[in-house]
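Here are my notes on this model, set down as numbered points. Please read them beside the coordinates.

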Amino acid sequence: MDDNADAAESLLELLRLWEYEACMVHDGASALAEARTFRPVVILLDIGLPDLDGYEVAVRLRQQGWGGGMLVALTGFGQDEDRKRAEDAGFDRHLTKPVEPHTLLALLKGES
């Protein structure tokens with residue numbers, strides 16, 4: 001979930017090339033709705049979303065009964081304070097954009 005349509009589309013295509021089933025949305029409310037039905041194993045979530053920021057989306061995802069899978073902040077916010085806030089919101093990992101494809105693939109394969 002990313003508010004930058006070009007970045008989100010590129011990431012979606014990359015995930016599909018790696019043969020992952022993936023979907024995308026561009027705002028926090030849509031992220032919550034899609035996660036409820038799609039039930040992803042991994043959620044790549046931008047922090048700077050319109051309407052609800054990624055921190056709020058993470059908190060709400062963690063409150064849902066199914067748990068929300070692995071929650072990864074994929075964001076331009078990379079300061080120590082941002083990482084701490086992401087952890088407090090329920091993110092499992094924090095990656096700062098731009099992320100190297102091999103780093104993301106290793107994370108998805110459980111190698112990092």
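1. In what pattern do helices and strands follow one another along the sequence of the chain? Bearing in mind that this is a predicted model, the chain reads α-α-β-α-β-α-β-α, and the elements in it are 5 helices and 3 strands.

2. On overall dimensions, the radius of gyration is 13 Å, which agrees with the value near 13 Å that a compact globule of 112 residues would have. Taken along the principal axes, the box filled by the C-alpha atoms is roughly 35 × 30 × 25 Å. Of the contacts between residues at least 6 apart in sequence, 51% join residues at least 24 apart.

3. On burial and surface, 38% of the 112 residues count as buried, while the accessible surface of the chain comes to about 6200 Å², with 49% of that area belonging to carbon and sulfur atoms. The chain carries 11 positive and 21 negative charges, and the mean positions of these two sets are 6 Å apart.

4. Which residues touch the most other members of the largest nonpolar core? This core has 18 residues, and those with the most such neighbours are Ile43, Leu45, Tyr55, Val57, Leu61, Leu71 and Phe91. At least two residues of this core come from each of helix 2 (28-38), strand 1, helix 3 (54-63), strand 2 and helix 4 (80-89), and helix 3 gives the largest share, with 4 residues. As general background, nonpolar side chains in soluble globular proteins tend to be buried together.

5. Phe91 deserves a separate look, since residues up to four places away in sequence are left out of its list of contacts and the list still includes Leu45, Ile47, Gly54, Tyr55 and Ala58. Phe91 also touches Leu71, Val72, Ala73 and Ala86.6. Apart from the largest core lies another core, of 11 residues, with Leu11, Leu12, Leu15 and Leu74 among them. Leu15 is found in helix 1 and is buried, with a relative accessible area of 11%. Leaving aside residues up to four places away in sequence, Leu15 touches Tyr20, Ala22, Leu44 and Leu108. The pair Leu15 and Leu108 is 93 residues apart in sequence, yet their C-alpha atoms are 9.7 Å apart in space.

7. Against which elements do the buried residues of helix 5 pack? They pack against helix 1 (5-17), strand 1 (42-45), strand 2 (70-75) and strand 3 (93-96). In helix 5 (residues 101-108), the buried residues are Leu104, Ala106, Leu107 and Leu108. Just after helix 5, Gly110 takes a positive phi of about 80°.

8. Helix 2 holds both Ala35 and Ser30, and the two may be set side by side. Is Ala35 buried or exposed? Ala35 has a relative accessible area of 1% and is therefore buried, the cut-off being under 20%. Ser30, with a relative accessible area of 29%, is partly exposed. Each can also be paired with a residue further along the chain: Ala35 and Gln64 are 29 residues apart in sequence, with 9.8 Å from C-alpha to C-alpha, and Ser30 and Asp51 are 21 residues apart along the chain, with their C-alpha atoms separated by 9.8 Å.

9. The backbone has some local features that a reviewer may wish to inspect, and the general background is that most residues other than glycine have a negative phi, and most peptide bonds are trans. Arg39, in the loop between helix 2 and strand 1, has a positive phi of about 50° although it is not a glycine; at 48% relative accessibility, Arg39 counts as partly exposed. Asp51, in the loop between strand 1 and helix 3, likewise has a positive phi, near 65°, and Asp51 is exposed, with a relative accessible area of 54%.

10. Which residues does a cis peptide bond join? The bond lies between Lys97 and Pro98, and its omega is about -10°. Pro98 has its place in the loop between strand 3 and helix 5.

Terms used: Residues numbered from 1 in each chain as written. Predicted model: local features only at pLDDT ≥ 70, side-chain atom pairs only at ≥ 80, totals over all residues. Heavy atoms only, no water. Rg over C-alpha atoms; globule rule 2.2 N^0.38 Å. Buried < 20%, exposed > 50% of the residue type's maximum accessible area, 1.4 Å probe, protein only. Contact = heavy atoms within 4.5 Å. Areas by Shrake-Rupley, 256 points an atom, 1.4 Å probe, with all protein chains shown as cover. Lys, Arg positive; Asp, Glu negative; His and termini not counted. Charge placed at Lys NZ, Arg CZ, Asp CG, Glu CD. Core = buried A, V, L, I, M, F, W, Y, C linked by side-chain atoms within 4.5 Å.
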